[in-house]
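This briefing covers one helix crossing and one pocket.

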Amino acid sequence: MGASAAGVVLMLGGCALPGAGSGGAADGLVPLASVAPGVQQDMRYHGSDNFLGRPVAGYEAARCWLSPPAAQALAAVQREVEPLGLRVKVFDCYRPQAAVDDFVRWGRDLQDQKTKAAYYPHVPKEALFQRGYIAERSGHSRGSTVDLTLVVVDGVRARQVLAGPLADGSEVDMGTPFDLFDERSHTDSTEQPPDVQKNRQWLRALMQRHGWRNLPEEWWHYTLEREPWPQRYLNVPVR
């Protein structure tokens, strides 16, 4: 999920820019598809394939929006991996505050345990806040954080830099699925086999070359080091 606490919070409304209703973004954000069309988008919170088991508030469309520098930095990552037979896939980008609030409501509803086996099998739901998996503010709402992985386009070329099964069309083996609330999802988890550790480290080094920093508890979570709005939390819906 990639939630993180923050200090000063400035809640901004959703004053859409021209074109926001037709796939454009708002409040200074840009659609990633217009900057990096080669990046695959699998926006999990728009549908039901996520830890809530249903669409999340604030996601009215399955689109990735980011701040302009974050979109450009992710486009640079995609340009680097293309010759290696790989493609970036994003699961979440800008996240409206309404979605974060939805996560909080879900986390406090201890009767709702339907996704426990898939997303938090070893963590009591009442401990999700204490362990930092759910929080009232998320860096995603600042528009410069992404949850992502890599997809194999050409396994022969990808094998030059990555390890494990690299079947064309499949995600690179990162050891755990996106949004698994578990210590096994920590980027440097020693519980993972050597191939997975290599893949995670390679992804982190790749992202660092383009100005991103990893959240150590989540191998998929990256924030732009020089994010333009470090204290600006947005709540415009993704449309």
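The crossing of α2 and α6 is right-handed (the near helix is turned clockwise from the far one by less than a right angle). The model is predicted: local features need pLDDT of at least 70, side-chain atom pairs count only at pLDDT 80 or more, and totals for chains, interfaces and linings use all residues. Residues are numbered from 1 along each chain as its sequence is written, and side-chain values use heavy atoms, without hydrogens or water.

**Helix crossing**
- Helix α2 spans residues 68–81 and helix α6 residues 194–209 (DSSP runs of H or I, at least four residues, numbered from the N terminus).
- Their axes, lines fitted to C-alpha atoms over the stretch in contact, come within 9 Å and cross at roughly 125° (angles run from 0 to 180 degrees between N-to-C directions).
- Therefore α2 is oblique to α6 (oblique covers angles that are not under 35, over 145 or 65 to 115 degrees).
- Contact (heavy atoms within 4.5 Å) involves Leu74, Val77, Glu80 and Val81 of α2 and Trp202, Leu206, Met207 and Arg209 of α6.
- By class, this contact has six nonpolar, no polar and two charged residues (Ala, Val, Leu, Ile, Met, Phe, Trp, Tyr, Cys and Pro count as nonpolar, Asp, Glu, Lys and Arg as charged, the others as polar).

Conventions
Helix = DSSP H or I, 4+ residues; strand = E, 2+ residues; numbered from the N terminus.
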